[in-house]
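Please open the model in your viewer and keep the selection panel at hand. The tour goes from one selection to the next and says what is to be found at each stop.

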Number of protein chains: 2
Amino acid sequence: MTEGNPAGVGLRERKKRATRAALVAAAVRLAAEHGAEHVTVDAISEAAGVSARTFFNYFDARDDVFVMIGADASARVRQAVLAAPAELPPLQALRDAMATELAEIEQQQELWRLHSEVLRRSPHLLARSLGAHMADELALAETLAERIGAGSPLFSEDRPALGSPDDERRRRALGLYPRLLAAVGIAAVRVAVEHWCVRQDELAFVDVFRETFEHLAAGLPAPSPAGPAGPADR
Amino acid sequence: MTEGNPAGVGLRERKKRATRAALVAAAVRLAAEHGAEHVTVDAISEAAGVSARTFFNYFDARDDVFVMIGADASARVRQAVLAAPAELPPLQALRDAMATELAEIEQQQELWRLHSEVLRRSPHLLARSLGAHMADELALAETLAERIGAGSPLFSEDRPALGSPDDERRRRALGLYPRLLAAVGIAAVRVAVEHWCVRQDELAFVDVFRETFEHLAAGLPAPSPAGPAGPADR
DNA sequence: ACGCAAAGATGCAGGCTCTGCAAAAAGTAC
DNA sequence: GTACTTTTTGCAGAGCCTGCATCTTTGCGT
C-alpha cells in the first residue's frame with residue numbers, strides 16, 4: 001500500500017517523521033533550558049504543535065523522547081562489522097566499525113552536545129538511555145556471531161522488544177563469545193566517551209579510543225606505573 | 001546514635017531495615033504473581049503493612065523497589081578487591097572477588113530466581129536495574145584505582161548520586177584503566193549470568209564464569225571453531 | 001519512670017503521567 | 001466526490017509522586 005513511491009515517501013509518512021522530529025527537538029531544547037525533570041509533556045507537545053495525547057502516540061513514556069536520538073547508529077555499526085575485511089580479528093573489526101560511526105557523530109556535535117548536556121544533568125535519563133541500548137547489544141552480538149561464522153543465518157533487521165519470546169529464542173542461539181564481545185565493546189566505547197568528555201580540553205578522542213582498545217586486546221594487564229599503553233596523560 | 005551497640009543496631013534502625021525488606025519482599029512476591037506492571041504502590045504498601053505514603057519515604061520511585069536487591073553486594077566486592085593478595089593482577093583480583101560474591105548469591109537462589117523472573121517479564125525494569133548499577137561501577141573503578149596504587153586516597157563509603165558535582169570531581173580523578181576494568185568486569189559478569197540463565201540445565205555457572213574471564217584475559221581473540229578459549233581450563 | 005527532642009509514619013491536597021475509548025480530522029484510493 | 005484508512009484529539013479515570021502539617025514512636029538524659 002505504500003513504498004512504491006521513491007520520490008516522496010507519502011505525505012502521511014513525511015508528516016509523521018516531522019512530528020516525531022519536532023517532538024524530540026522541542027523536548028531537547030526545553031530540557032537544555034529548564035532541566036529535563038521540569039519539562040512536562042504538555043509543554044513539549046505545545047511547543048511541537050500537537051496535543052498532549054498525540055505525544056503518547058509517538059512515545060511510550062515521557063522520558064523516551066530524551067533517549068531516542070541516534071537510534072540508527074547501531075544498525076550502521078552492524079553493517080560495518082559485516083563489511084569489514086575477512087582477515088581482521090573480530091575485536092578489530094568491531095573497533096573500526098565503531099570508530100567510523102563515532103567519527104560521523106563527532107560532526108553533528110551541536111545536537112549531541114545539547115543531548116549529552118541534558119543527560120548529564122539528569123542521571124535518571126542516562127540510566128534509561130543505557131538500558132535502551134540493551135537491544136542494540138543483542139543485535140550486535142548476533143551480527144558478530146554471523147561474521148565469525150559460528151552463527152546460523154539469524155540476520156534480520158527487525159528487533160523484537162527485550163523480553164519477548166522471540167528475544168528469548170535469539171539469546172539461546174548465541175554462543176558466549178559473541179555476546180561477551182558485544183557487551184565488552186559497548187562498555188569500552190562508553191568508558192572512552194565518558195573519559196574523554198571529562199577532559200575534552202586535554203585529550204583527543206581518537207587517542208583515548210585507541211588506548212582503550214589496546215587495553216582490551218592486551219587482555220587488560222596491570223598498567224605500568226608510568227603509562228598504560230604509552231606515555232602518561234597527566 | 002551510632003555504632004556503639006554491637007548486640008543491637010538500635011530498634012529504630014532495625015525497624016527501618018525490616019520495613020524496607022518487607023516492602024521489597026512484598027513487591028517481588030506480588031510481581032512474580034501478577035506481573036510487575038500490575039502491582040500498585042498501594043498493594044505493595046498494604047502487603048508490607050505500611051501506608052502508601054511511607055513507601056515513598058523508602059524509594060524514590062515505584063520501580064526502584066524491584067531493582068534494590070543486593071545493593072550491598074557491590075560493597076563486598078570492593079572490599080574483597082582490596083583484600084586480595086597484592087601479587088594478583090587486577091583482572092584476576094576482580095574476578096575472584098566477584099566469584100566469591102556470586103557464590104554467596106547462588107545460595108539465596110530462591111529470592112534471586114523470583115527476582116530475575118520478574119526482571120525477565122518486565123524489560124523496563126531490567127533497563128532500570130542496569131542504570132542503577134552505574135554508581136556501583138564508578139565506586140568499583142575507584143577501588144581498583146586504589147588497589148593499583150595509581151589513585152589518591154579517595155576511599156569513602158558514601159556514594160553521591162550520579163551527576164552530582166561530587167560525582168563529577170571523582171570521575172576526573174580516575175584514570176582510564178580502572179574505569180575500563182570496572183566497566184568490562186561488570187559487563188562480563190552480566191553476560192555470564194545471562195548466558196547461564198538461558199541454559200541452566202546444560203552448564204554449571206562456575207564453568208561459564210571461568211570461560212568468560214579467560215576470554216578477557218586472552219584479549220578476546222577469535223575463538224577456534226571447536227573450543228572457545230582453547231583447550232579448557234588450565 | 002518521666003519527659004523532651006529527633007526521626008519516622010500517616011493523611012491529604014494537588015499536579016503530572018499514561019491508557020482506553022469514541023468522535024473528528026486528515027490523507028489515500030477509486 | 002465518495003468511501004476507506006490512518007492519525008489526531010478530547011475526555012475520563014487510574015496511578016504515580018511530592019510537599020506539608022500532624023501524630024506516633026524511639027532514644028536518651030535525668
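The stops below run from an annotated segment, through the surroundings of a DNA strand, to the contact between two protein chains.

Keep in mind throughout that this is a predicted model.

**First stop: the annotated segment.** Select residues 40–59 of chain A, where UniProt, in an unreviewed entry, places the feature "DNA-binding region". This span is 75% helix and 0% strand, and the C-alpha atoms at its two ends lie 14 Å apart.

**Second stop: DNA strand C.** Now select DNA strand C together with the 20 residues around it, among which A:K15, A:R53, A:R62, B:K16 and B:T54 come nearest. If you colour the atoms of the strand that lie within 4 Å of the protein, 64% of them turn out to belong to sugar or phosphate, while the rest belong to bases. The protein surface near DNA strand C, taken by residue class, has eight charged, seven nonpolar and five polar residues.

**Third stop: individual polar contacts.** Show the side chain of A:R53, one of whose polar atoms lies 2.6 Å from a base oxygen of DNA strand C. On the other chain, show B:R12, where an N or O atom of the side chain is 3.1 Å from a base nitrogen of DNA strand C. Then move to B:Y58, which has a side-chain N or O atom 2.9 Å from a phosphate oxygen of that strand. Widening the selection to whole elements, you will find that those giving two or more residues to the surface near DNA strand C are α1 (11–34) and α3 (52–58) of chain A, along with α1 (11–34) and α3 (52–58) of chain B. The largest share, four residues, comes from α3(B).

**Fourth stop: the two copies.** Superpose chain A on chain B, which takes a turn of 180° with a shift of 0.1 Å along the axis and gives an RMSD of 0.5 Å. The two copies are therefore related as by a two-fold rotation axis. To locate that axis from chain A, select A:G219, whose C-alpha is the nearest to the axis in that chain, at 2.0 Å.

**Last stop: the interface.** Which residues should be selected to see the contact? It takes 48 residues from chain A and 49 residues from chain B. The area buried between the two chains is about 4300 Å², with carbon and sulfur atoms giving 65% of it. In chain A, highlight A:L176, A:Y177 and A:L220, which lose the most area to chain B and together make up 16% of what that side buries. Because 98% of the interface residues of chain A are also interface residues in chain B, the copies meet through the same surface.

How values were computed
Residues numbered from 1 in each chain as written. Chains lettered and ligands numbered in written order. Predicted model: local features only at pLDDT ≥ 70, side-chain atom pairs only at ≥ 80, totals over all residues. Heavy atoms only, no water. UniProt positions renumbered as here; feature names shortened; annotations may be inferred. Near = heavy atom within 4 Å. Polar contact = N/O pair within 3.5 Å; in protein donor to acceptor, adjacent residues only side chain to side chain. Nonpolar A, V, L, I, M, F, W, Y, C, P; charged D, E, K, R; others polar. Least-squares fit on C-alpha atoms with pLDDT ≥ 70 in both. Contact = heavy atoms within 4.5 Å. Buried area = accessible area lost by both parts, 1.4 Å probe.
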